Amino acid sequence: MSVPEPTMLKSSTQQQKNILSTVIGALPDNRPITSLQLVEEFEKCPKHFLPINKTYDQDQDADLWREKMLIGKRTTRYLCLSKSEGLPGYIVETLKIINEKEITPEGFSQLMRTADTEQKAWRKKQLVYRLAKKGSAKQAVTDIILCSRLRQAPEGFTLAGDINGILVCFKLSPVPHRPSPSVPTRQSITDLEKTIENLKIQSNVSNPQPQDHEYEQLLTSYQLSPKPVAPKSPMYSTGTLNIHTDVEGVPFMLNPALKHYATEIPPVYKLTDTQLEYDFHLERQVLCTTKSQNVQLTNPFFQ
């Protein structure tokens, strides 16, 4: 029995990881952001958070501290976002940039310390955000980008403000609401019962059927044909046996009782455009939790 070489296993693992990343990346990620954090080193981003360590327009370092240091360790700040952590049932509704010493607007929250080192979060300016209940919010922040060269927000994004020369932009998307199907009223149930009862009465009155021939009617000319010597009827083969299908003379017709079916059943339930909206949430959750039985794959959402 041959044992797979480590190189082959590593190559197979990388291929599976690339396929999973491609599939997840192709799905639209319009899930609302649920929590924000600030870290000093983006490699130490909290679990289930995604760091924004590159600018959208220049693919450069997305440090928000932006303090030039000639000697000593460089101080940095990186924004992290999550779409699964945070206060249960709440989502980020909007963002705003204010001065460091400015009073936080009513209803907004602020980040006071870095999540990894417990250091002061901001210098000169700071980012604040407002949470809202998912069931009542009409729109939510679904993406945040940082720009180092652009002076206005790209198409589809809203400008929150400027932090030490870095433009903070966010994307707003409508929050889909799926109301539960309405319960049929007693009146609609009663009307439906009456309609069904009327159908039964009309069927019994207009087309009485003898009890002996309730399920089938044969033409008077129909006769069971004897087994032919040279059959003309269609034949089909099952292995070594030839079977005759003697159905000639048997009428194929609709039950006469159904010809008088003219009563319309009122519609009980109709789907609206809002109920037809679909955000791929279930598919994304399945992809995010799928792991191979033999190979542990890293979830790209929770790095």
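## Strand pairings and a loop glutamine

In this predicted model, A140 has S173 as its bridge partner in strand 9. That pair belongs to a broader match: strand 7 (residues 139-147) and strand 9 (residues 166-174) run antiparallel and share 8 bridges. Strand 9 also pairs with strand 8 (residues 158-163), again in the antiparallel sense, over 5 bridges. Here D162 stands opposite L167 of strand 9. The hairpin of strand 8 and strand 9 has 2 residues between the strands, and N164 adopts a positive phi near 50° in this hairpin.

Let us turn to another sheet. It is open, has 3 strands in the order 4-6-5, and its pairing is antiparallel. Strand 4 (90-99) and strand 5 (108-110) each have a single partner strand, so one side of each is left without a neighbour in the sheet. On average, neighbouring strands of this sheet are turned by 35° against each other, direction ignored. Strand 5 is joined to strand 6 (residues 125-133) by 3 bridges, and V128 in strand 6 is the bridge partner of Q110.

Here are the antiparallel pairs with their bridge counts:

| Strand pair | Bridges |
|---|---|
| Strand 7 and strand 9 | 8 bridges |
| Strand 8 and strand 9 | 5 bridges |
| Strand 5 and strand 6 | 3 bridges |

The loop between strand 5 and strand 6 holds Q119. Is Q119 buried or partly exposed? Its relative accessibility is 39%, so Q119 counts as partly exposed. Beyond its neighbours within four places in sequence, Q119 is in contact with E40, R77, M112, R113 and T114. Of these partners, E40 lies 79 residues from Q119 along the chain, yet their C-alpha atoms are separated by 8.0 Å.

Technical notes:
Residues are numbered from 1 along each chain as its sequence is written. This is a predicted model: local features need pLDDT of at least 70, side-chain atom pairs count only at pLDDT 80 or more; totals for chains, interfaces and linings use all residues. Side-chain values use heavy atoms; hydrogens and water are left out. Two strands pair if DSSP finds at least two bridges between them. Helices (H or I, at least four residues) and strands (E, at least two) are DSSP runs, numbered from the N terminus. Axes are lines fitted to C-alpha atoms, for helices over the stretch in contact, and angles run from 0 to 180 degrees between N-to-C directions. Buried means under 20% relative accessible area, exposed over 50%, partly exposed in between (1.4 Å probe, protein chains only). Contact means heavy atoms within 4.5 Å.
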